[in-house]
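User: Could you walk me through the salt bridges and helices in this one? I'd like short answers I can follow with the model open.

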Amino acid sequence: MPRTALVPRRFRLPAADGSILPGLALALGLALLALALQRAAGIPGLGPMILGVGLGIVLRTCAGPIPQTGPGLRFAMRRLLRLGIVLLGLQVTVAQVAAVGLGGLVAITLTLALTFVVTRAVGRAMGVDGRLCDLIAAGTAVCGASAILAANTVTRGRDEDVAYAVACITLLGTASMLLLPLLAAPLGLTPEIYGLWVGASVHEVAQVVGAAFAQGDVAGQSGTVAKIARVMLLAPLVMAMGLMAARRGGGSTGRAPMPWFALGFIAMILLNSVIDLPDVLRQTTGSVTTVLLTVALVAMGLETDLSRLRAVGLRPLLLGVFATLFVSATALVLILLLAA
């Protein structure tokens, strides 16, 4: 029996005639460029993952499909993505989540669940493709691009669906980052409540940091902790989506995969909670996580056909606008009721 037969299929590398090196090297090079551009720009809320998918789309549009890169790009979009999400768990501890308080945790959980369910229902009523609808719902409910990538492991949307969802969520999350600080004073929110609101409603982690710290350190710390609690709910959401997809498949051959990486994500949270990891190790794994997720999004951009992206139309964008308004309003009401 060949030795490779003992290795589960999902962990095997491509055969020699389909080397991952050309595509992986291209995606890594563009990811490092995106990281450098993000540092040079210094714009709050403009993360390297967003720049990465943009660079990938631009290169694909200008040069077309690049020969011999397919296996490496697929490796990045699948294996490296899952590894990045697992390592993301090392940035979260149970103690950080508990610091939000019971009322805050209940408000964040209810906001996430309601946003996901209502966005899916409204999207289907609008005639938005089900897979794209799920991606926009997950990105709005949890944590932007990372949640979209994780959710797509079970929804199996097209690359164009993922690129559209990421662009939509990025645009609307940036708008929230700029607008929410202007509403803190008119709404009479304390720094703690304002921070909880931002952490429970703004999409990307970087956008939460930008919006929360705009109202001071207390608001910034409150927003960051609330966002960490929200990120922790990514694994249960993706696993629930996997079960729903498997149930919809019924007796068909297209069975949804079990998102094992979600269990790895939870395991890393527990490990980080019971073991006092050195700050250097935590910072290093955080940087590695950012690189891995950026490489995955660059690969997604390189596989995206912009003409097919334009064909999707404006309805998904309108769905994203609705979802953003819904998550902001729902989070504020629930936080005032349960955590104030």
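**Salt bridges, helices and odd phi angles**

User: Is Arg-120 buried or exposed, and what is its relative accessible area?
Analyst: Keep in mind that this is a predicted model. The cut-off for buried is under 20% relative accessible area. Arg-120 counts as buried, with a value of 15%.

User: Which residue meets the side chain of Arg-120 in a salt bridge at 2.7 Å?
Analyst: Look from helix α5 (residues 102-126), where Arg-120 lies, across to helix α6 (residues 130-141). The partner lies in α6, so the pair ties together parts that are 14 residues apart in sequence. That partner is buried too, with a relative accessible area of 3%. The N to O distance is 2.7 Å, and the residue is Asp-134.

User: What other residue forms a salt bridge with Asp-134, with the closest N and O atoms 3.5 Å apart?
Analyst: This one is an arginine as well, and its closest N and O atoms to Asp-134 are 3.5 Å apart: Arg-124. The pair links distant parts of the chain, 10 residues apart, with the arginine in helix α5 and Asp-134 in helix α6. At 38% relative accessibility the arginine counts as partly exposed. Together with Arg-120 and Asp-134 it is linked in a network of salt bridges, so the name you want is Arg-124.

User: How many salt bridges turn up in the whole structure?
Analyst: Among them are Arg-120 with Asp-134 and Arg-124 with Asp-134. Arg-131 with Asp-129 is another, the closest N and O atoms being 3.6 Å apart. A search of the whole structure gives a total of five.

User: Which residue caps the N-terminal end of α6?
Analyst: Look for a side-chain oxygen that lies 3.1 Å from the backbone nitrogen of Arg-131. The residue that carries it also forms a salt bridge with Arg-131. Both partners are partly exposed, Arg-131 at 34% and the capping residue at 36%. The cap is Asp-129.

User: How many of the 12 residues of α6 are buried?
Analyst: As for its length, α6 reaches 16 Å from its first C-alpha to its last, close to the 16 Å expected. The buried ones include Leu-132, Cys-133, Asp-134 and Leu-135. Helix α6 is mostly covered, and the count of buried residues is 10.

User: And how many of the 11 residues of α7 are buried?
Analyst: Helix α7 covers residues 145-155. Its buried residues include Ala-145, Ile-148, Leu-149, Asn-152 and Val-154. The helix is described as mostly covered, and the buried count is 11.

User: Which residue follows α7 with a positive phi?
Analyst: Most residues other than glycine have a negative phi. The one here has a phi of about 60° although it is not a glycine. It is found in the loop between α7 and α8 (159-183), and it is partly exposed, with a relative accessible area of 46%. That makes it Arg-156.

User: Where else does a residue that is not a glycine have a positive phi, this time of about 70°?
Analyst: Go to the loop between α2 (48-63) and α3 (70-88). The residue there is exposed, with a relative accessible area of 64%, which is over the 50% cut-off. The place to look is Gln-68.

Note on methods
Residues numbered from 1 in each chain as written. Predicted model: local features only at pLDDT ≥ 70, side-chain atom pairs only at ≥ 80, totals over all residues. Heavy atoms only, no water. Salt bridge = Lys/Arg side-chain N within 4 Å of Asp/Glu carboxyl O. Helix = DSSP H or I, 4+ residues; strand = E, 2+ residues; numbered from the N terminus. Buried < 20%, exposed > 50% of the residue type's maximum accessible area, 1.4 Å probe, protein only. Expected span 1.5 Å × (residues − 1). Polar contact = N/O pair within 3.5 Å; in protein donor to acceptor, adjacent residues only side chain to side chain.
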